[in-house]
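Trainee: I would like to understand the terms used for this model and not just repeat them. May I ask you to justify them one at a time?

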Amino acid sequence: MSIVTEKYALVVDDEPKIRTLISRILETHDWSVTACSSAEEAISLISLYPWQLVFCDVVLGGTNGYEVLRRFSVDCPKAQFILMTGHGSGAGALDATAIGAHDYLSKPFSVDQILGVSQALGTRLASEEAVGETTSTEPAGYESDLGLIGNSPEFIRCLKLVGRVAPTDLPVLISGDSGTGKEVVARAIHRRSSRAEGPFVPVNCGAIPVELIESELFGHTKGSFTGADRERPGLWEEADGGTIFLDEITETGPLFQVKLLRALQEREIRRVGSNKSISVDVRIIAATNRNIEDQVKAGGFRQDLMYRLNVISIELPRLRDRKQDIILLAEHFVRASGKPVTKISQEASEILIGHRWDGNIRELENAILGAVALADQVIYPEHLPSKMLPNSIPPVGSTLPMAETIVRSTLEQGNLVTLAKMQELYTAAVLEHTEGNKNAAARILDIDRKTLVRIASRTLDQLSES
């Protein structure tokens, strides 16, 4: 068989079962498969065949799959590269696609996913042209991308798209509810672009008065309006060679939208009060928490400007739609606080996962920062905002009506008891109130769990004797 019609695939994974499974699936669909277990061996095989498809694990014991991807991007750029991982994350998907991966699969994956990749590629091989130069942008990784934390399918799908558009110079429109992390994603796009060494200039269009936004963005000349006592360049010029991020773009007025459209079309601006144009090289990333098409229909936003900004559209999922990321984000905020809190209790975790999070990631961050301020080493339910708590769990510092009820009951009935007995009664009542949650009860009583257990056990012993 000639080289032209042969389809060559490489499978790189240090787990024999995974290597065998993928190899057999590909072989049944007429691929000539080579399998290996290390990054070093995979790199040594780059020149062996004109590879068209590579499945590679991220964690390989030594050199990781990202390095294999970088080498193939340079030496075998026509190969479609699929990174696989048992610890999938949004940041990982972004990194993989930003440096040239065709896809990023989280284990366990299905046979259909492998077949989908191989069949789609197989139908294109005969006529496929060179894709072009592959970017060599270095991935920033988890720790430098504060906020790009999560491994839910919704989040990974979103960041795969982010990774693919980042190396381009196309305008991007990011939409999503308030608090979903639009600026965080915009910064991630900038860091993975060819403009990464240039400035990233964020502008909150909704926070600038309508009459000042043109001056803020495009600058002004001396004497152009009252108070303009000197010439001043705007934020657009400040972003020259880099990226400008226009947040809340749908909050701008019609007159400014005309000026913005011209700046995008002509790649030049005019300062307020000047008739001289200034060429500025910037990439535009805009964001909105509104439906921009609805704004166009309502007459609040120019349709031609929407088309200019909306070349690539990225919609961020709400936090309640990516529940499996909530604890990962919460633990990140705990670590970032720098406080001696070491963990989030199981009870608190369940409350966090069940909350609606209308304020999304921003609301979660504020809830965790407040809890960290109240907690010692472990975050319990009572440390969370009171609106999040079930009725059975009172917040820290709240008064319990049952305390007064117990005292009044003993006094009115004339059944005066010792202070130790009152302690036992109240401890039992608190345990009933927390539905047997000893950790929560100990926090309310301001005693350690061991003391709580001792008091509760004493009460149970007395009941058994009677």
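Trainee: To start with, where is Ser277 found?

Mentor: Ser277 belongs to strand 10, residues 277–279; helices (H or I, at least four residues) and strands (E, at least two) are DSSP runs, numbered from the N terminus. Please remember that this is a predicted model, in which local features need pLDDT of at least 70 and side-chain atom pairs count only at pLDDT 80 or more, while totals for chains, interfaces and linings use all residues. Residues are numbered from 1 along each chain as its sequence is written, and side-chain values use heavy atoms, with hydrogens and water left out.

Trainee: Why does Ser277 count as partly exposed?

Mentor: Buried means under 20% relative accessible area, exposed over 50%, and partly exposed in between (1.4 Å probe, protein chains only). Ser277 has 28% relative accessibility, so the middle class applies. Leaving out residues up to four places away in sequence, Ser277 touches Arg262, Glu268, Ile269 and Arg270, where contact means heavy atoms within 4.5 Å.

Trainee: And Trp357, what class does the accessibility of Trp357 give?

Mentor: Trp357 has 0% relative accessibility and therefore counts as buried. Trp357 lies in the loop between helix 15 (346–354) and helix 16, and the phi of this non-glycine residue is positive, near 55°. Asn360 also has a positive phi without being a glycine, about 60°. Asn360 is part of helix 16 and, with 1% relative accessibility, is buried too.

Trainee: Why are helix 14 and helix 16 called oblique to each other?

Mentor: Helix 14 (residues 326–337) and helix 16 (residues 360–374) pack at about 50°, their axes 9 Å apart. Axes are lines fitted to C-alpha atoms, for helices over the stretch in contact, and angles run from 0 to 180 degrees between N-to-C directions. Under 35 degrees counts as roughly parallel, over 145 as roughly antiparallel, 65 to 115 as roughly perpendicular and the rest as oblique. The pair falls in that last class, so oblique is the right word.

Trainee: Which hand does the crossing of helix 14 and helix 16 have?

Mentor: The crossing is right-handed: the near helix is turned clockwise from the far one by less than a right angle, whereas anticlockwise would be left-handed. Helix 14 contributes Ile326, Leu329, Ala330, Phe333, Val334 and Ser337 to the contact, and helix 16 contributes Ile361, Leu364, Glu365, Ile368, Leu369 and Val372.

Trainee: How do the residues of that contact divide?

Mentor: There are 10 nonpolar, 1 polar and 1 charged. Ala, Val, Leu, Ile, Met, Phe, Trp, Tyr, Cys and Pro count as nonpolar, Asp, Glu, Lys and Arg as charged, and the others, Gly among them, as polar.

Trainee: How do you know that strand 3 and strand 4 pair?

Mentor: Pairing requires that DSSP find at least two bridges between two strands. Strand 3 (residues 53–57) and strand 4 (residues 80–85) are joined by 5 bridges and run parallel. They belong to an open, parallel sheet of 5 strands in the order 2-1-3-4-5.

Trainee: What makes strand 2 and strand 5 edge strands?

Mentor: Strand 2 (32–36) and strand 5 (103–106) each have a single partner strand, so one side of each has no neighbour in the sheet.

Trainee: At what angle does helix 1 run to strand 2?

Mentor: Helix 1 (residues 16–27) runs at about 170° to strand 2 and lies across strand 1 (8–12), strand 2, strand 3 and strand 4. Helix 3 (residues 65–75) runs at about 175° to strand 4.
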